Amino acid sequence: MVKIFIGNLPREADKDEIQALFAKYGEVTECAIIKNFAFVHMDDRKSATKAIRSLHLHKLHGTAINVEASRGKKPGSSADELRTLFEEYGTVSECAIVKNFAFVHMDNSDEAMDAIKGLDNFEFQAMPWWITMRNTGLVLHLTA
């Protein structure tokens with residue numbers, strides 16, 4: 001599985017459209033849009049590489065999108081620390097930090113709500129963060 005980051009996503013773009021765009025290059029196993037970012041998971045590296053090369057700067061609704069391999073966090077990274085915090089409330093299926101946002105996916109909505117109650121407006125890496133719930137998971141915003 002290869003995770004791809006899509007930036008500069010136009011407002012009009014939706015999940016089905018992004019998934020169909022990438023499916024031309026191989027099997028898409030997951031697709032999530034958060035504001036003007038998206039993440040697509042593709043089944044194999046060859047398909048993902050072809051999609052990245054073909055779709056980087058592709059015009060979508062008149063906007064050139066940025067498509068690149070998602071840079072995985074190394075063990076001991078901030079994302080690992082953040083995951084550990086949220087795992088106190090339940091199972092975390094995915095956790096990523098991108099600029100001033102963090103994306104935490106918890107499959108159980110009750111556990112996610114407990115995490116929101118327990119961690120909203122918390123301090124992480126000496127900066128306050130607040131949490132919102134999206135259909136794609138929890139989104140953390142840096143408030144500094």
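**Exercise 1. Aromatic pairs**

Find how many aromatic pairs the structure holds, and describe the one between Phe5 and Phe37.

*Solution.*
Step 1. Apply the ring rule. Rings of Phe, Tyr and Trp (its six-membered ring) pair if their centres lie within 6.5 Å; planes under 30 degrees apart are stacked, over 60 edge-to-face, and the rest tilted.
Step 2. Count. The structure holds three aromatic pairs.
Step 3. Take Phe5 and Phe37. Their centres are 5.4 Å apart and their planes make 40°, a tilted pair.
Step 4. Place the rings. Phe5 is in strand E1 (residues 2-7) and Phe37 in strand E3 (residues 37-42), so the pair ties together parts that lie 32 residues apart in sequence. Helices (H or I, at least four residues) and strands (E, at least two) are DSSP runs, numbered from the N terminus.
Step 5. Check cover. Phe5 and Phe37 are both buried. Buried means under 20% relative accessible area, exposed over 50%, and partly exposed in between (1.4 Å probe, protein chains only).

A note on the model. This is a predicted model, with residues numbered from 1 along each chain as its sequence is written. Local features need pLDDT of at least 70, side-chain atom pairs count only at pLDDT 80 or more, and totals for chains, interfaces and linings use all residues, while side-chain values use heavy atoms, leaving out hydrogens and water.

**Exercise 2. From pair to cluster**

Describe the pair of Phe39 and Phe103, then name the cluster that ring pairs build.

*Solution.*
Step 1. Read the geometry. Phe39 and Phe103 sit 5.8 Å apart, centre to centre, with 70° between the planes: edge-to-face.
Step 2. Locate the ends. Phe39 belongs to strand E3 and Phe103 to strand E8 (residues 101-106), 64 residues apart.
Step 3. Check cover. Phe39 is buried at 6% relative accessible area. Phe103 is buried at 2%.
Step 4. Join the pairs. Phe5, Phe37, Phe39 and Phe103 are linked into a cluster by ring pairs.
Step 5. Look over the ring of Phe39. Lys3 lies over its face, 4.6 Å from the ring centre. The rule: NZ of Lys or CZ of Arg within 6 Å of the ring centre and within 35 degrees of the ring normal.

**Exercise 3. Strand E8**

Work out how many residues of E8 are buried, and how E8 pairs with strand E7.

*Solution.*
Step 1. Count the buried residues. Six of the six residues in E8 are buried.
Step 2. Split them by face. Phe101, Phe103 and His105 are on one side, Ala102, Val104 and Met106 on the other. Both faces are covered.
Step 3. Find the neighbouring strand. E7 (residues 92-98) pairs with E8 in the antiparallel sense, over six bridges. Pairing takes at least two DSSP bridges between the strands.
Step 4. Pick one bridge. Glu94 has His105 of E8 as its bridge partner.

**Exercise 4. Salt bridges**

Count the salt bridges and place the residues of each.

*Solution.*
Step 1. Set the rule. A salt bridge is a side-chain nitrogen of Lys or Arg within 4 Å of a carboxyl oxygen of Asp or Glu. The count is two.
Step 2. Take Glu94 and Lys3. Their closest N and O atoms are 2.2 Å apart. Glu94 is in strand E7 and Lys3 in strand E1, so this salt bridge ties together parts 91 residues apart in sequence. Both Glu94 and Lys3 are buried.
Step 3. Take Arg83 and Glu87. Their side chains meet at 3.8 Å, N to O. Both lie in helix H3 (residues 78-87), four residues apart, about one turn of the helix.
Step 4. Check cover. Arg83 is partly exposed at 23% relative accessibility, and Glu87 is partly exposed at 40%.

**Exercise 5. His41 and the whole chain**

Describe the surroundings of His41, then give the totals for the chain.

*Solution.*
Step 1. Place His41. This residue lies in strand E3 and is buried, at 7% relative accessible area.
Step 2. List contacts (heavy atoms within 4.5 Å). Beyond residues up to four places away in sequence, His41 touches Met1, Val2, Lys3, Glu27, Val28, Thr29, Glu30 and Glu94.
Step 3. Zoom out. The chain has four helices and eleven strands. Of its 144 residues, 44% count as buried.
Step 4. Sort the contacts. Among those with a separation of 6 or more, 52% join residues 24 or more positions apart.
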